[in-house]
Amino acid sequence: MVGITVFLLLGVTIGGYPLQQKANATKAYSVQDTTITFRRNVLPILKNNCMPCHFPGGTVYARYPFEEYKTVFALRKRLHTRLKSGVLDIVNTWIASGAMEK
Ligand code: HEC
């Protein structure tokens, strides 16, 4: 009986031992540049949404090479006719923030 009590007490003592401090929350927050740019944000959208049809070697691509910044910059105000709202928001933000290349 005594043995069991000691055992239980030990258990409570050990169980109640201060919990390990939560792993230090020292996440490495990199200073992220959130500017939307052609290379980083817009080109991937065009690759997904336009380049399946407008691929290098195609007739439209010959006139509008979408991988070139200056081409897309010139087209920027017309992109809305071809893009769905989700990705269009990104393009609009890109334009509003100066349509940077990178
Ligand atoms: C489903 C296929 C398809 C997709 C996807 C597509 N296009 Fe086109 N696009 C065409 C075709 C077909 C033409 C007409 C070809 C011609 O005029 O020789 C065209 C023509 C164009 C032209 C030249 C005519 C004009 O309006 O001045 C531009 C610019 C253009 N597309 C931009 C885009 C952009 C930007 C995207 C993506 C946001 C896109 N297209 C997505 C098929 C597509």
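This is a short tour of a predicted model, moving from the whole chain to one pair of helices and then to the ligand.

Begin with the whole chain in a cartoon view, where you will find five helices and zero strands, so that you can follow an order of α-α-α-α-α from the N terminus on. Of the 102 residues of the chain, 9% count as buried. If you consider the contacts between residues at least 6 apart in sequence, 65% of them join residues at least 24 apart.

Next, select residues 85-96, which form helix α5 with its 12 residues; from its first C-alpha to its last this helix reaches 16 Å, close to the 16 Å expected at 1.5 Å a residue. Then move on to Gly-98, which follows α5 and has a positive phi, near 105 degrees.

Keep α5 in view and add α2, residues 38-49. How are two packed helices described? The angle between their axes and the distance between the axes are used. Here α2 and α5 pack at an angle of about 145 degrees, with their axes 10 Å apart, and α2 passes α5 in a left-handed crossing. To see the contact itself, show the side chains of Asn-41, Val-42, Ile-45 and Asn-49 on α2, together with Val-87, Ile-90, Val-91 and Trp-94 on α5. These residues divide into six nonpolar, two polar and no charged.

Finally, select the ligand, which 13 residues surround, the closest being Asn-49, Cys-50, Cys-53, Val-60 and Arg-82. Both α2 and α3 (59-63) supply at least two residues each to this shell, whose members are, by class, nine nonpolar, three polar and one charged.

Terms used: Residues numbered from 1 in each chain as written. Predicted model: local features only at pLDDT ≥ 70, side-chain atom pairs only at ≥ 80, totals over all residues. Near = placed C-beta within 6 Å. Helix = DSSP H or I, 4+ residues; strand = E, 2+ residues; numbered from the N terminus. Nonpolar A, V, L, I, M, F, W, Y, C, P; charged D, E, K, R; others polar. Expected span 1.5 Å × (residues − 1). Axes fitted to C-alpha atoms, helices over the stretch in contact; angles between N-to-C directions. Left-handed = near helix turned anticlockwise from the far one by under 90°. Contact = placed C-beta atoms within 7 Å. Buried ≥ 20, exposed ≤ 12 C-beta atoms within 10 Å, placed from the backbone.
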